[in-house]
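Hi everyone, thanks for making time today. I'd like to walk you through a structure that may be new to you, so please have a look at it first.

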Amino acid sequence: MELVLLLLQQLSVYLVIAYLLSKTPIFIPLTSISGRNSHRFVYYILFSSFCILGTYFGLSIENAIANTRAIGAVMGGLLGGPLVGFFVGLTGGLHRYFMGGFTDVACTLSTTTEGFIGGLLHLYFLRKGKIGHIFKPSVALLVTLFSEVIQMLIILIVAKPFEQAWALVQAIALPMVIANGLGAALFMSIIQDKKAIFEKNYTTFSNKALRIAQRTVGEFSQGFNSDSCKKVADIIYQETGVGAVSITDRDKILAFIGVGADHHLCGTVISSGYTLKAIESGEIIYVDGYETDYQCSINTSCRLGSVLVIPLLEADGRVLGTIKLYEPKQKFFSTLNRNLGEGIAKLISNQILTGRYIQQKNLLNQAEIRLLHAQVNPHFLFNTLNTISAVTRKNPQKARELIQHLSQFFRSNLKQNIEQVTIKEELVHVQSYLEIELARFEERLSVEINIDDRLLPLEIPTFTLQPLIENAIKHGTSTLMRKGELKVNGYILKKDNNAVVVLEVIDNAGNYCTKGKKVGLGLQIVDKRLKNKHGQQYGLVISCKTDEFTKATISFPLLNGQEF
């Protein structure tokens with residue numbers, strides 16, 4: 001028992017050193033299993049040092065040393081794998097060998113074996129997918145106990161004379177088994193606690209970052225302006241718990257929430273040298289208020305005592321503004337919030353770029369709609385006016401109706417700047433166009449519309465049917481010597497267990513065969529808008545049989561909540 005207590009006393013110093021090391025960055029690789037050579041090198045250096053320390057802290061007994069060397073060897077193998085364990089054990093063993101004694105060879109072999117045993121157990125848990133078992137103190141205890149028993153057997157087999165070896169084993173076996181097993185368990189417990197702290201901080205960081213990301217989605221869709229920045233700054237202020245949050249562009253404060261909001265006013269020109277430096281250099285500026293003194297540039301009695309200034313970057317690396325996190329005086333700036341602040345800056349930069357993309361996309365969509373307006377053949381207006389002029393003499397009432405249809409058609413063209421309309425609304429617009437064309441061609445054109453009533457509430461991109469119908473008349477029925485026939489169909493098609501909406505515009509001319517040719521710009525836009533919204537498998541398909549028919553077919557899926 002006296003030897004046990006002496007070894008435990010030496011073990012206490014050993015574990016204090018381990019605990020102090022756990023407060024340094026060198027301990028971080030021990031909290032995870034990594035295949036990186038740099039991490040393996042850290043394992044080797046650290047645990048080889050503990051092997052050597054275990055020997056130095058040992059107690060001389062009968063020309064041998066009772067020690068805690070096995071802890072370093074077993075732990076090196078358990079965390080680093082067979083190769084690391086082998087070399088840690090070999091290093092510790094060679095160190096013991098050069099100290100001499102009748103057990104020098106036996107100790108060299110046994111320490112190397114102990115490291116390799118720990119490595120084999122590491123490999124076993126890795127292949128079984130039980131990495132968490134490696135960090136259990138109970139596992140470290142059991143494998144070290146087993147390794148120490150193996151060491152005693154090696155001493156009995158290798159050390160000479162046997163009688164002396166036997167006497168030594170009787171004296172040190174139980175104390176070393178207890179001390180090394182307990183020491184390995186406590187060492188692993190220190191690592192486990194450090195690992196738990198890292199995981200807790202990581203979870204906290206991840207949860208905060210995720211909540212901020214979720215809450216700020218779409219806030220910059222209307223641009224990088226004061227309103228959007230105020231909303232985002234408030235979200236960051238709530239989630240991080242810092243003293244204050246500010247967002248600026250390159251010239252002025254766009255938003256400020258928290259301590260000091262009474263004098264850091266929105267719209268105020270930037271006066272902080274730290275902010276201007278971050279904008280100029282594109283680098284993060286951190287002023288902790290201790291090593292680097294911080295003083296508010298606006299109010300000398302301001303309660304803010306530290307600041308983290310992070311540039312917001314364009315895709316090309318140009319600085320478009322900053323986000324600033326503040327803490328009041330007498331409060332430390334936590335490392336978690338510093339790291340989180342850098343992540344938030346990247347998130348906001350991406351949000352701003354996404355918002356600009358959405359704005360540009362909306363502008364492009366509006367431009368496409370206006371282009372579809374312009375695609376209406378100017379001759380359509382002249383032809384309509386000529387038709388009205390001719391009808392006026394014979395049927396004034398019909399002429400008034402045509403004027404109303406023409407007015408309705410162009411009024412609808414001017415109003416439809418939105419991206420989506422219902423099929424019913426699209427048909428009302430199309431009907432005005434068709435009434436004019438029917439009056440123009442009289443007996444030479446017939447129109448049949450057969451669309452399932454259940455489809456009428458569904459939304460489609462603005463100006464989807466009108467370009468198809470205009471194309472069918474302009475390039476189809478208007479060229480015929482015989483009567484032109486135009487059909488507009490709409491139905492639901494079951495395809496691969498999915499419901500697909502199909503709209504068809506069919507003429508009986510068969511003049512618009514596009515095989516090997518590009519379709520007109522208006523039809524290209526119709527197809528692209530459908531594909532962008534629903535996927536490449538949907539859109540516009542044109543089929544044609546010369547002198548018989550041309551069929552323009554558009555398809556898109558029924559969305560959730562539109563099941564029939």
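I'll start with the whole chain, then go through a helix pair, two sheets and a few single residues. One thing to keep in mind throughout is that this is a predicted model.

Let's get our bearings. The protein chain has 564 residues, and 48% of them count as buried. Its secondary structure comes to 16 helices and 14 strands. If you take the contacts between residues at least 6 apart in sequence, 69% of them join residues at least 24 apart.

Now to the helix pair. Please find helix α3, residues 69–80, and helix α4, residues 82–97. Their axes lie 7 Å apart, and the packing angle is about 165°. How do α3 and α4 run relative to each other, roughly parallel or roughly antiparallel? An angle over 145 degrees counts as roughly antiparallel, and therefore that is the description for α3 and α4. The crossing of α3 past α4 is right-handed. Which residues make this contact? On the α3 side we have Arg69, Gly72, Ala73, Gly76, Gly77 and Gly80, and on the α4 side Val84, Gly85, Val88, Gly89, Gly92 and Arg96. Sorted by character, the contact of α3 with α4 holds three nonpolar, seven polar and two charged residues.

Let's move along to a sheet. As a reminder, strands of a sheet pair through backbone hydrogen bonds, either parallel or antiparallel. Here we have an open sheet of five strands, and reading across it you meet β4-β3-β7-β6-β5, with antiparallel pairing. At the edges sit β4, residues 253–258, and β5, residues 285–287, and each of them pairs on one side only. On average, neighbouring strands of this sheet are turned by 10° against each other, direction ignored.

Zoom in on one pair in that sheet. Strand β3, residues 244–249, pairs with β4 over five bridges in the antiparallel sense. One bridge to point at is that of Ala244, whose partner in β4 is Gly258. Helix α9, residues 226–240, packs on this sheet and touches β3, β4 and β7, and its direction makes about 30° with that of β4. There is also helix α10, residues 273–281, which lies across β3, β5, β6 and β7 and runs at about 145° to β7.

Further along the chain comes another open sheet of five strands, in the order β9-β11-β12-β14-β13, and here the pairing is mixed. Its edge strands are β9, residues 445–451, and β13, residues 539–545, each with a pairing on one side only. Neighbours in this sheet are turned by 15° against each other on average, again ignoring direction. Over at one edge, β13 and β14, residues 549–557, form an antiparallel pair with seven bridges. In that pair, Leu540 stands opposite Ile554 of β14.

Which strands does helix α14, residues 423–441, touch as it packs on this sheet? They are β9, β11, β12 and β14, and the helix direction makes about 165° with that of β9. Helix α15, residues 465–474, lies across β9, β11, β12, β13 and β14, running at about 30° to β12.

Let me finish with some single residues. Phe125 sits in helix α5, residues 104–127. Is Phe125 buried or exposed? Its relative accessible area is 8%, and buried means under 20%, so Phe125 is buried. Leaving out residues up to four places away in sequence, Phe125 touches Lys130, Ile131, His133, Ile134 and Val139. Leu78 is 47 residues from Phe125 along the chain, and their C-alpha atoms are separated by 9.6 Å.

Next, some backbone features. Most residues other than glycine have a negative phi, and most peptide bonds are trans. With that in mind, look at the bond from Lys160 to Pro161, which is cis, with omega near 0°. Pro161 is in the loop between α7 and α8.

Then there is Glu442, in the loop between α14 and β9. Its phi is positive, near 50°, and Glu442 is exposed, with a relative accessible area of 55%. Asp547, in the loop between β13 and β14, also has a positive phi, about 65°. Asp547 is exposed too, at 54% relative accessible area.

That's my tour, and I'm happy to take questions.

Notes:
Residues are numbered from 1 along each chain as its sequence is written. This is a predicted model: local features need pLDDT of at least 70, side-chain atom pairs count only at pLDDT 80 or more; totals for chains, interfaces and linings use all residues. Side-chain values use heavy atoms; hydrogens and water are left out. Axes are lines fitted to C-alpha atoms, for helices over the stretch in contact, and angles run from 0 to 180 degrees between N-to-C directions. Helices (H or I, at least four residues) and strands (E, at least two) are DSSP runs, numbered from the N terminus. Angles under 35 degrees count as roughly parallel, over 145 as roughly antiparallel, 65 to 115 as roughly perpendicular and the rest as oblique. A crossing is left-handed if the near helix is turned anticlockwise from the far one by less than a right angle, and right-handed if clockwise. Contact means heavy atoms within 4.5 Å. Ala, Val, Leu, Ile, Met, Phe, Trp, Tyr, Cys and Pro count as nonpolar, Asp, Glu, Lys and Arg as charged, and the others, Gly among them, as polar. Two strands pair if DSSP finds at least two bridges between them. Buried means under 20% relative accessible area, exposed over 50%, partly exposed in between (1.4 Å probe, protein chains only).
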